[in-house]
Amino acid sequence: MTSKYTGGCKCGNITYIVNGEPQWKVSCHCNWCQTTSGAAFRTFVLFNESDLKISGDTLKSYEDSDTAHGRPMINQFCSKCGTQLGIKVPSMDARHIALGTLDQRKTIAIKDNIWWQEALNFVSFPNDSDVYKTGYWNGTGERILKS
Ligand SMILES: [Zn+2]
Ligand SMILES: [Zn+2]
């Protein structure tokens with residue numbers, strides 16, 4: 001079987017292969033993602049758990065039940081080098097893999113953006129991107145179209 005996607009942490013302690021296509025690709029600009037990543041926003045590629053094979057050390061997990069996303073989130077990272085591999089949402093069977101850990105990241109285009117209302121002032125969006133005021137998975141996300 002050939003793997004379309006591969007990746008891992010900086011130190012090589014944790015690697016993964018994916019035998020499937022992304023379910024979703026999105027940047028999240030919420031406060032939770034800003035704080036937990038230490039960056040302006042987090043970008044994820046979602047893969048089905050059944051398509052994902054993680055090898056090496058066990059992911060270190062920080063579970064947070066009080067998030068702006070309105071549901072528990074588990075931040076997952078390497079215990080040795082601290083690289084954030086992504087997020088696990090207990091209610092989903094897809095894993096949010098952090099874009100920056102994918103070997104193929106330069107070939108992956110991201111158009112969707114969520115939690116625009118908390119995005120930092122210097123962040124701008126290309127005209128062809130889809131930008132949502134909050135999230136839209138539960139029907140409450142108001143879609144903001146860039147002019
Ligand atoms: Zn590592
Ligand atoms: Zn977020």
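**Exercise 1. Charge balance**

Task: State how many positive and negative side chains the chain has, and how far apart the centres of the two sets lie.

Solution. The chain carries 16 positive and 14 negative side chains. The centres of these two sets are 6 Å apart. Keep in mind that this is a predicted model.

**Exercise 2. Fold and overall dimensions**

Task: Describe the order of the secondary-structure elements, then decide whether the radius of gyration agrees with that of a compact globule.

Solution.
- Step 1. Count the elements: one helix and 12 strands.
- Step 2. Read from the N terminus: β-β-β-α-β-β-β-β-β-β-β-β-β.
- Step 3. Take the extent. The C-alpha trace spans about 45 × 30 × 30 Å along its principal axes.
- Step 4. Compare with the globule rule. For 147 residues, a compact globule would have a radius of gyration near 15 Å. The chain has 15 Å, so the value agrees.

**Exercise 3. Burial, surface and contact range**

Task: Give the share of buried residues, the carbon and sulfur share of the surface, and the share of contacts that join residues at least 24 apart.

Solution.
- Step 1. Of the 147 residues, 46% count as buried.
- Step 2. The accessible surface is about 8000 Å². Carbon and sulfur atoms make up 48% of that surface.
- Step 3. Take the contacts between residues at least 6 apart in sequence. Of these, 50% join residues at least 24 apart.

**Exercise 4. A salt bridge at Lys4**

Task: How many salt bridges does the chain have, and which residue pairs with Lys4?

Solution.
- Step 1. The count comes to three salt bridges.
- Step 2. Lys4 pairs with Glu21, with the closest N and O atoms 3.0 Å apart.
- Step 3. Place the partners. Lys4 sits in the segment before β1 (5-8), and Glu21 in the loop between β2 (14-18) and β3 (24-28), so the bridge ties together parts 17 residues apart in sequence.
- Step 4. Check exposure. Glu21 has a relative accessible area of 38%, so it is partly exposed. Lys4 reaches 53% and therefore counts as exposed.

**Exercise 5. A network around Glu49**

Task: Which side chains form salt bridges with Glu49, and are Lys88 and Arg95 buried or exposed?

Solution.
- Step 1. Glu49 meets Lys88 in a salt bridge, at 3.0 Å from N to O. This pair links distant parts of the chain: Glu49 is in the loop between β4 and β5, Lys88 in strand β8 (residues 84-88), 39 residues apart.
- Step 2. Glu49 also meets Arg95, at 2.8 Å from N to O. Arg95 belongs to strand β9 (residues 94-98), so this bridge ties the strand to the loop between β4 and β5, 46 residues apart in sequence.
- Step 3. Join the pairs. Through shared partners, Glu49, Lys88 and Arg95 form one network.
- Step 4. Check burial, with the cut-off for buried at under 20% relative accessible area. Lys88 is at 16%, so it is buried. Arg95, at 13%, is buried too. Glu49 is partly exposed, with 22%.

**Exercise 6. A buried charge without a salt bridge**

Task: Where does Asp51 lie, and how far away is the nearest side chain of opposite charge?

Solution.
- Step 1. Asp51 lies in the loop between β4 (42-48) and β5 (52-56).
- Step 2. Asp51 is buried, yet has no salt bridge.
- Step 3. The nearest side chain of opposite charge is Lys4, 11 Å away. A salt bridge needs nitrogen and oxygen within 4 Å.
- Step 4. List the contacts, leaving aside neighbours within four places in sequence. Asp51 touches Ile17, Val18, Asn19 and Gly20.

How values were computed:
Residues numbered from 1 in each chain as written. Chains lettered and ligands numbered in written order. Predicted model: local features only at pLDDT ≥ 70, side-chain atom pairs only at ≥ 80, totals over all residues. Heavy atoms only, no water. Helix = DSSP H or I, 4+ residues; strand = E, 2+ residues; numbered from the N terminus. Rg over C-alpha atoms; globule rule 2.2 N^0.38 Å. Buried < 20%, exposed > 50% of the residue type's maximum accessible area, 1.4 Å probe, protein only. Contact = heavy atoms within 4.5 Å. Areas by Shrake-Rupley, 256 points an atom, 1.4 Å probe, with all protein chains shown as cover. Lys, Arg positive; Asp, Glu negative; His and termini not counted. Charge placed at Lys NZ, Arg CZ, Asp CG, Glu CD.
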